[in-house]
Amino acid sequence: MVSLSIHQFQYSWKSWMTGNFIFIISGWLIGFCLTGIDTLSRVTFSSHIDPLPLFIMPMVLVE
């Protein structure tokens, strides 16, 4: 059973690596966007308005 699993992984390792890459990148982007949404909500609902996070978040996405 283990050798069958190893053989199957060797046969489809490119698909596994591509899937892992996509999940890692999408997780990073979702986490980054949720952090930005949290920052924007704190900026808009606070007593003093600091527009700096509005300009920092897109700059990091472009880099």
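**Briefing: an all-helix predicted chain**

The protein chain exposes about 5700 Å², and carbon and sulfur atoms supply 75% of that area. The model is predicted. Of the chain's 63 residues, 10% count as buried. Three helices and zero strands make up the secondary structure.

**Fold**
- Read from the N terminus, the elements run α-α-α.
- Helix H1 covers residues 2-11, and helix H3 covers residues 52-62.
- Helix H2 spans residues 13-44.

**Surface**
- A nonpolar patch of about 630 Å² lies on the surface.
- Phe21, Ile22, Ile24, Ile25, Trp28 and Leu29 make this patch.
- One of these residues, Trp28, is found in helix H2.

**Confidence**
- The average pLDDT of the protein chain is 76.
- A score of at least 70 is reached by 65% of the residues.
- Confidence is highest in helix H1, at a mean of 87.
- Confidence is lowest in helix H3, where the mean is 62.

**Where to look in the structure**
- For the patch, start at Trp28 in helix H2, then find its patch partners, including Phe21 and Leu29.
- For the confidence extremes, view helix H1 and helix H3.

How values were computed:
Residues numbered from 1 in each chain as written. Predicted model: local features only at pLDDT ≥ 70, side-chain atom pairs only at ≥ 80, totals over all residues. Heavy atoms only, no water. Patch = residues over 30% accessible without salt bridge, like charges linked within 9 Å, V, L, I, M, F, W, Y side chains within 5 Å. Areas by Shrake-Rupley, 256 points an atom, 1.4 Å probe, with all protein chains shown as cover. Salt bridge = Lys/Arg side-chain N within 4 Å of Asp/Glu carboxyl O. Helix = DSSP H or I, 4+ residues; strand = E, 2+ residues; numbered from the N terminus. Buried < 20%, exposed > 50% of the residue type's maximum accessible area, 1.4 Å probe, protein only. pLDDT = per-residue confidence, 0-100.
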